[in-house]
Amino acid sequence: MPNADPELESKRVKTLGNVSMMIYGNYGIRAAATAMQDTSRRIIADRSVQNVCKAYSAGDEIFRIQNRQEVKAAEARFLR
């Protein structure tokens, strides 16, 4: 679904005076979907993951984003 007003920028919103937060909704997931499609095409074309492995975040970065240490601590605490 397209934006109701794609020209609405934060600078303009600030001039309205009664808006304290803007939510950019699904832009991250839309970008991720495009990246996943591009990655899948590359894997199929190359018949390998070697080239895509070089281009993307290391596993450690994914764990950092997921706050893996906190998850492991909660598992240790609650899953006995």
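The following legends describe an overall view and several close-up views of a predicted model.

**Figure 1. Overall fold of the predicted chain, built from five helices and zero strands.** Read from the start of the sequence to its end, the elements follow the order α-α-α-α-α. The radius of gyration is 20 Å, well over the 12 Å given by the globule rule for 80 residues, so the chain is more spread out than a compact globule. The C-alpha trace spans about 50 × 45 × 20 Å along its principal axes. Of the 80 residues, 4% count as buried.

**Figure 2. Surface and charge of the chain.** The exposed area of the chain is about 7,700 Å², of which carbon and sulfur atoms supply 56%. The chain carries 13 positive and 9 negative charges, and the mean positions of these two sets are 4 Å apart. The structure holds four salt bridges; three of them are shown in the views of helices α2, α4 and α5 that follow.

**Figure 3. Close-up of the salt bridge between arginine 42 and aspartate 46.** The closest N and O atoms of this pair are 2.9 Å apart. Both residues belong to helix α2, which covers residues 27-46. They are four residues apart in the sequence, about one turn of the helix. Arginine 42 is partly exposed, at 40% relative accessibility, and aspartate 46 is also partly exposed, with a relative accessible area of 30%.

**Figure 4. Close-up of the loop residue arginine 47, which has a positive phi.** Arginine 47 lies in the loop between α2 and α3, the latter helix comprising residues 50-55. The phi of arginine 47 is about 55°, although this residue is not a glycine. Most residues other than glycine have a negative phi. The relative accessible area of arginine 47 is 80%, and the residue is therefore classed as exposed, the cut-off being over 50%.

**Figure 5. Close-up of the salt bridge between glutamate 61 and arginine 64.** The closest N and O atoms of the two side chains lie 2.8 Å from each other. Helix α4, residues 59-65, contains both partners; because they are three residues apart, about one helical turn separates them. Arginine 64 is exposed, with a relative accessible area of 55%, whereas glutamate 61 is partly exposed at 29%.

**Figure 6. Close-up of a nonpolar surface patch made by Ile62, Phe63 and Ile65.** The patch has an area of about 290 Å². Phenylalanine 63, one of its members, is located in helix α4. The relative accessible area of phenylalanine 63 is 43%, which places this residue in the partly exposed class.

**Figure 7. Close-up of asparagine 67 in the loop between α4 and α5.** Asparagine 67 has a phi near 55°, a positive value in a residue other than glycine. At 37% relative accessibility, asparagine 67 counts as partly exposed.

**Figure 8. Close-up of the salt bridge between lysine 72 and glutamate 75.** The N to O distance between these side chains is 3.7 Å. Lysine 72 and glutamate 75 are both found in helix α5, residues 68-78. Their spacing of three residues corresponds to about one helical turn. Lysine 72 is partly exposed, with a relative accessible area of 45%; glutamate 75 is likewise partly exposed, with a value of 31%.

How values were computed:
Residues are numbered from 1 along each chain as its sequence is written. This is a predicted model: local features need pLDDT of at least 70, side-chain atom pairs count only at pLDDT 80 or more; totals for chains, interfaces and linings use all residues. Side-chain values use heavy atoms; hydrogens and water are left out. Helices (H or I, at least four residues) and strands (E, at least two) are DSSP runs, numbered from the N terminus. The radius of gyration is taken over C-alpha atoms; the globule rule is 2.2 Å times the number of residues to the power 0.38. Buried means under 20% relative accessible area, exposed over 50%, partly exposed in between (1.4 Å probe, protein chains only). Accessible areas come from the Shrake-Rupley method with a 1.4 Å probe; for residues, only the protein chains shown count as cover. Lys and Arg count as positive and Asp and Glu as negative; His and the chain ends are not counted. The place of a charge is taken as NZ of Lys, CZ of Arg, CG of Asp or CD of Glu. Patches are made of residues with over 30% relative accessible area and no salt bridge: like charges are joined within 9 Å, nonpolar side chains (Val, Leu, Ile, Met, Phe, Trp, Tyr) within 5 Å.
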